[in-house]
Amino acid sequence: MKIGFIGLGNMGAPMAANLAAQHNVTGYDTVAKPDGIALASTAAAAAKDADVVITMLPNGDILRAVANEIHSAMKPGAVHLDCSTVDVESARAVAAQAQEASLQAVDAPVSGGIGGATNGTLTFMAGGPADAFATVQPLFDIMGQKAVHCGDAGNGQAAKICNNMILGATMIATCEAFALADKLGLDRQSMFDVVSTSSGYSWSMNAYCPAPGVGPSSPADNDYQPGFAAELMLKDLNLSQMAAAAVHADTPMGQAATELYKTFVEDEDGLGKDFSAMLPRFQKRTRA
Ligand code: NAD
């Protein structure tokens with residue numbers, strides 16, 4: 001396949017490199033110029049004649065701007081596969097714009113982070129027509145370990161932000177429970193042994209335990225170096241609240257998690273730390 005790849009940052013560069021081992025990839029980024037990928041001088045040039053154009057960009061506004069640049073350059077029937085995490089509305093607007101240009105669009109945000117992008121073990125959650133999903137499935141197989149087709153345009157983004165709203169809230173609940181257990185004199189290993197096999201278990205506790213030295217290896221064991229940075233969690237929580245507001249959904253836990261991560265990132269030195277560093281934050285605090 002001939003592939004255009006736009007947005008060669010922390011995630012895009014290793015994803016493009018994995019594809020380039022098996023396909024003809026031309027990349028473009030306004031700033032990044034990674035080695036090992038053929039580069040075009042504009043986004044439109046990278047998109048021209050491609051069967052699939054992948055975008056991996058910071059946000060919905062940039063995605064919309066890039067879509068404006070590339071859709072007119074793409075050949076009819078080609079697929080615009082957006083793997084960025086963006087708001088549901090932008091994903092649906094870009095898909096509608098693609099359809100008007102006789103293109104197909106799939107929104108397929110990822111989970112798995114930079115490690116997953118490098119190792120080709122990402123999980124994709126995809127929205128868009130079934131035939132377009134089938135066209136890009138072989139690319140998902142190279143870049144990832146799993147791709148779930150979640151329905152129509154925008155549903156990949158919807159699945160991603162719902163998942164991450166749960167993750168943000170459960171990480172906070174897990175961290176505040178550890179900090180409470182500390183103050184009650186319960187040691188962290190006992191807390192883990194009980195909760196990880198009881199009804200309070202979750203991915204945050206069992207697979208990504210925020211307490212150093214307890215449970216499987218996690219960013220907590222590496223001084224809370226990300227992993228998944230608190231500011232990226234904040235980005236996804238903000239998207240969840242934008243989506244909730246648009247459809248009048250009541251999401252009090254998501255809202256509280258958003259406010260806590262905002263304070264953590266903006267006022268409490270959380271910027272650049274893993275999102276599980278909420279535990280030392282709670283450890284330091286007392287009840288208001
Ligand atoms: P990044 O900032 O490292 O990369 C984004 C790249 O887009 C940059 O290199 C930037 O120069 C480029 N760019 C910006 N505007 C552009 C334009 N107009 N044309 C071409 N290139 C442009 O970000 P990242 O960590 O690679 O994340 C990319 C997306 O993946 C984001 O939506 C993010 O939320 C999502 N994501 C990231 C992670 C992670 O762990 N980093 C995990 C899951 C999802």
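This is a chat about the ligand and the empty space in a predicted model.

User: Hi! What should I know about the model before we start?
Analyst: It is predicted, so local features need pLDDT of at least 70 and side-chain atom pairs count only at pLDDT 80 or more, while totals for chains, interfaces and linings use all residues. Residues are numbered from 1 along each chain as its sequence is written, and side-chain values use heavy atoms, with hydrogens and water left out.

User: Thanks! Which residues come nearest to the ligand?
Analyst: Asn10, Met11, Asp29, Leu57 and Lys235 do, out of 23 residues around the ligand (those with a heavy atom within 4 Å of it).

User: And what polar contacts does the ligand make?
Analyst: Counting pairs of N or O atoms within 3.5 Å, an N or O atom in the Lys235 side chain is 2.8 Å from a ligand oxygen. A backbone N or O atom of Asn10 lies 2.9 Å from an oxygen of the ligand, and a polar backbone atom of Thr85 is 3.0 Å from a ligand oxygen.

User: How much of the ligand does the protein bury?
Analyst: The protein buries 83% of the 840 Å² that the ligand exposes when taken alone (Shrake-Rupley method, 1.4 Å probe).

User: What kinds of residues form the shell?
Analyst: The shell around the ligand has 13 nonpolar, seven polar and three charged residues. Here Ala, Val, Leu, Ile, Met, Phe, Trp, Tyr, Cys and Pro count as nonpolar, Asp, Glu, Lys and Arg as charged, and the others, Gly among them, as polar.

Terms used: Polar contact = N/O pair within 3.5 Å; in protein donor to acceptor, adjacent residues only side chain to side chain.
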